[in-house]
Amino acid sequence: MKGFLTGLRAPWRGLRQIWQPGLRRYVAVPLAINAALFIAAMAWLLGTLDAGLREWLPDWLAGLLYPVFAFALGLLTLLLTTQAANLLAAPFNARLAQRVEEQLGQPPITALERTLWAEAWFTLRGEARRLLYFLGWALALLVLGFVPVLGLLAPLGWLLLGAWLMALQYLDYPLGLRGHDFLAQRRLLRRHLGFSLGFGFGAQLLHLLPGPNLLAIPACVTAACTAWRGRE
């Protein structure tokens, strides 16, 4: 439980950290990318969900299922836009992570050895693998949503999947700087499962709150580096 609560608080502390001298200049690009994708995705979701349900289902059934689909699709949209925004902002986030590690003390040796292009390629490759991993689980949960009775478990599945993916997304930065690839990261985070899920839930909440959500990407990257250094 202690690890879970430590992870849960970490992303919120990142909101304060990103304004420290030496970090602020790394915030602008991820902020702009996240804001543009989030606004466009939410506008699409709100504009199409109600019309789509009422077109394919009777009104009484559409009204009954609307909260379930709104929750699932809203979280799916959040996860997709977060993945896309992190993919586009990955090179900038990697530099932010390196800068945070430098401020915390001696950075991992792999962070010092890589060139800018090597770091960008390593980060983008990891983002692509995480996206494929996410799409596989998302497809499984979408199918589960249409299974009688078991479909009621789908919202819980989305919450857990979202937390796990947020942990994989942001803790990749400190772990990647230490030379861990995607498979090694998953093994390592499973060993710290309470902390990982706590961090993931905290990151999800930060991404959902209007206003703070626009700063969620740099805040979570910064918090991930600081929190993982604390775990070490």
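A pocket is an open set of grid points with protein on both sides within 12 Å along at least five of seven lines. The model used in these exercises is predicted.

**Exercise 1. The second largest pocket**

Task: Find the volume of the second largest pocket, then state which helix gives the largest share of its lining.

Solution:
- Step 1. Take the volume. The second largest pocket has about 200 Å³.
- Step 2. List the lining. Tyr 133, Trp 137, Leu 141, Gly 157, Leu 160, Leu 161, Trp 164, Arg 190, Leu 193 and Leu 197 line this pocket.
- Step 3. Assign helices. At least two lining residues come from each of H5 (116-144), H6 (154-177) and H8 (193-208).
- Step 4. Pick the main supplier. H6 gives the largest share, 4 residues.
- Step 5. Sort by class. The lining holds 8 nonpolar, 1 polar and 1 charged residues.

**Exercise 2. H1 against H9**

Task: Classify the packing of helix H1 (residues 2-17) on helix H9 (residues 216-231) by angle, and give the handedness of the crossing.

Solution:
- Step 1. Read the geometry. The angle is about 135°, and the axes lie 7 Å apart.
- Step 2. Apply the cut-off. Roughly antiparallel needs an angle over 145 degrees. H1 is therefore oblique to H9.
- Step 3. Give the hand. H1 and H9 cross in a right-handed sense.
- Step 4. Name the contact. H1 uses Gly 3, Ala 10, Pro 11, Gly 14, Leu 15 and Gln 17. Among the H9 partners are Ala 219, Cys 220, Ala 223 and Arg 231.
- Step 5. Sort by class. The H1 contact with H9 has 7 nonpolar, 5 polar and 1 charged residues.

**Exercise 3. H8 against H9**

Task: Do the same for H8 and H9, starting from their packing angle.

Solution:
- Step 1. Read the geometry. H8 and H9 pack at about 160°, with axes 11 Å apart.
- Step 2. Apply the cut-off. Angles over 145 degrees count as roughly antiparallel, so H8 is roughly antiparallel to H9.
- Step 3. Give the hand. The H8 and H9 crossing is right-handed.
- Step 4. Name the contact. H8 brings Phe 195, Phe 199, Ala 203, Leu 206 and His 207. H9 brings residues including Ile 217, Ala 224 and Trp 228.
- Step 5. Sort by class. This contact of H8 with H9 divides into 12 nonpolar, 1 polar and 1 charged.

**Exercise 4. H1 against H8**

Task: Which charged residues, if any, does the contact of H1 with H8 have?

Solution:
- Step 1. Read the geometry. H1 and H8 pack at about 35°, with axes 6 Å apart. Their crossing is right-handed.
- Step 2. Sample the contact. Phe 4, Leu 8 and Trp 12 are among the H1 residues, and Phe 195, Phe 199 and Leu 205 among those of H8.
- Step 3. Sort by class. The contact of H1 with H8 has 13 nonpolar, 6 polar and no charged residues.

Note on methods:
Residues numbered from 1 in each chain as written. Predicted model: local features only at pLDDT ≥ 70, side-chain atom pairs only at ≥ 80, totals over all residues. Heavy atoms only, no water. Axes fitted to C-alpha atoms, helices over the stretch in contact; angles between N-to-C directions. Parallel < 35°, antiparallel > 145°, perpendicular 65-115°, else oblique. Left-handed = near helix turned anticlockwise from the far one by under 90°. Contact = heavy atoms within 4.5 Å. Nonpolar A, V, L, I, M, F, W, Y, C, P; charged D, E, K, R; others polar. 1 Å grid on protein atoms, 1.4 Å probe; cavity = no way out; pocket = protein on both sides within 12 Å on 5 of 7 lines; lining within 4 Å. Points joined across faces, edges and corners; volume = space filled by probe spheres on them.
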